[in-house]
Amino acid sequence: MSKIYDLIVVGAGPAGLSAALYAGRSKLSTLVLEKSKTGGQIVITHEVANYPGSVREATGPSLIARMVEQVTEFGAEIKADDVIDVDFSGDIKIVKGEKEEYKAKSVIIATGATPRKMGCPGEAELTGKGVSYCATCDADFFEDFEVFVIGGGDTAVEEAMYLTKFARKVTIVHRRDELRAAKSIQEKAFKNEKLAFMWDSTVEELKGDGILETAVFRNLKTGELTEHHADEEDGTFGLFAFVGYIPHSDTFKGHVEMDDWGYIKTDDEMRTNIEGVFAAGDIRPKALRQVVTATADGAIAATLAEKYMEEKF
Amino acid sequence: MLIVDKGTFEEEVLNAEGYVLVDYYSDGCVPCQALLPELEVIAEKNADKAKFVKLNTSKARRMAIKQKVLGLPTITLYKNGAKVAELTKDDATAKNIETMLAENIK
């Protein structure tokens, strides 16, 4: 019979790692399962300036590396496995990974969210061919090229500014006539000479023969379509989309209660509708999706999981 | 895995006979770093089937773009110097790479 952990945390982003850290400190036997890369979305972020105490120039990867160190120091185990199914019906929860099956008295779901696709024709075919969702991965391909950034939130504007370090010109394409990003970020953006703005616009279609060559934009107010063609010498240009997120909750459908968008519902103390199952971080419906709220969720979930186990077992 | 650069890419990949798998990566690409250990295991297992090489695109940008690679990670399989299959971004997983090798190298 396989080992029964006190706690299994699914997902090793800031929420999951924070939960594991708290659980480890409380001497709970804790297993963290991560399907691909430790750190979640924050590791593709070049700068984390708004996490209290994170020093100037702190990067996503450096912050995560320190969290992982802390987690392992406190005794939690981190394993690479992709969770494909769960059984939450009994007191002992079963988590089925691709490699192994795991058992625990409590589970924290911290699987996070992934960038939303734009949903226009040509997007899928041209991903990695000019279309990107990861500035730190792909920015340097576009050195001295033109780049478009789709979106108007914090991430879009911050990543657009990062891209101006590489591209000769970056145009932010936003569906409204003003940005949604924090005022301090906007101020910096409006001062950046390499940044241009295309308001009230969305991407209608992307075209190209194996590489992004043409983008068609629609002005939502006038309905007018404009085409942008790659500079002849460059042969291509970049288009980075930061248009929100979709929750990573498919595996848990039918096992815990979710809202209409697939976010896992919890109370203020991160409890789902299933006893002993908690959710933390971007997987929950929330107003602010940042490292600081994710780590807070993780801490609360782990503390409440411990309390639950004390009463139950 | 053999490291290639813009000086050796042509010889080791485009002019090479048989199958060559190229790992396009860069220093700043975290998903690439996460994939590498798994890819190295695959490379060892399949050493008799294909040559496994990696190219740091930060130092060979134009060469990568010429190969129509503008996103990382990208894993491309070449046969006698011609592309036969490619996996990029979310699709570039260990499982998909193994499937790609199995489907293309009989």
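Q: At what angle do the axes of helix α1 and helix α6 of chain A cross, and within what distance do they come?
A: In this predicted model, the axes of α1 (residues 14-25) and α6 (residues 291-312) of chain A cross at roughly 40° and come within 7 Å. The handedness of this crossing of α1(A) and α6(A) is right-handed.

Q: Which residues in α1(A) meet which residues in α6(A)?
A: Such a contact is read from the residues of each helix in turn. From α1(A), the participants are P14(A), A15(A), G16(A), L17(A), S18(A), A19(A), Y22(A) and A23(A). They meet a set in α6(A) that includes V291(A), A294(A), D297(A), G298(A), A301(A), A305(A) and E306(A). By class, twelve residues of the α1(A) contact with α6(A) are nonpolar, five are polar and two are charged.

Q: How are α2(B) and α4(B) oriented to each other?
A: The angle between the axes decides the term: angles under 35 degrees count as roughly parallel. In chain B, helix α2 (residues 30-45) and helix α4 (residues 94-104) pack at about 25°, with axes 10 Å apart. The two helices are therefore roughly parallel to each other. Their crossing is right-handed.

Q: Which residues form the contact of α2(B) with α4(B)?
A: On the α2(B) side are E38(B), L39(B) and I42(B), and these meet A94(B), I97(B) and E98(B) of α4(B). This contact comprises four nonpolar and two charged residues, with no polar ones.

Q: In what order do the three strands of the open sheet in chain A lie, and is the pairing parallel or antiparallel?
A: A sheet is read strand by strand across its width. Here the order is β12-β13-β14 in chain A, and the pairing is antiparallel. The edge strands are β12 (201-207) and β14 (225-229), each of which pairs on one side only. Neighbouring strands of the sheet are turned against each other by 25° on average, direction ignored.

Q: Over how many bridges do β12(A) and β13(A) pair?
A: Strand β13 (residues 214-219) of chain A and β12(A) are joined over six bridges in the antiparallel sense. As a particular case, V203(A) has F217(A) in β13(A) as its bridge partner.

Q: Which domains does the assignment give for chain A?
A: A domain may be listed as one or more segments of a chain. The domain assignment of chain A gives domain 1 as 4-115 + 245-312, and domain 2 as 131-241.

Q: How far apart do the C-alpha centres of domain 1 and domain 2 of chain A lie?
A: The C-alpha centres of these two domains of chain A are 33 Å apart.

Notes
Residues numbered from 1 in each chain as written. Chains lettered and ligands numbered in written order. Predicted model: local features only at pLDDT ≥ 70, side-chain atom pairs only at ≥ 80, totals over all residues. Axes fitted to C-alpha atoms, helices over the stretch in contact; angles between N-to-C directions. Helix = DSSP H or I, 4+ residues; strand = E, 2+ residues; numbered from the N terminus. Parallel < 35°, antiparallel > 145°, perpendicular 65-115°, else oblique. Left-handed = near helix turned anticlockwise from the far one by under 90°. Contact = placed C-beta atoms within 7 Å. Nonpolar A, V, L, I, M, F, W, Y, C, P; charged D, E, K, R; others polar. Pairing = 2+ DSSP bridges. Domains from an automatic or database assignment.
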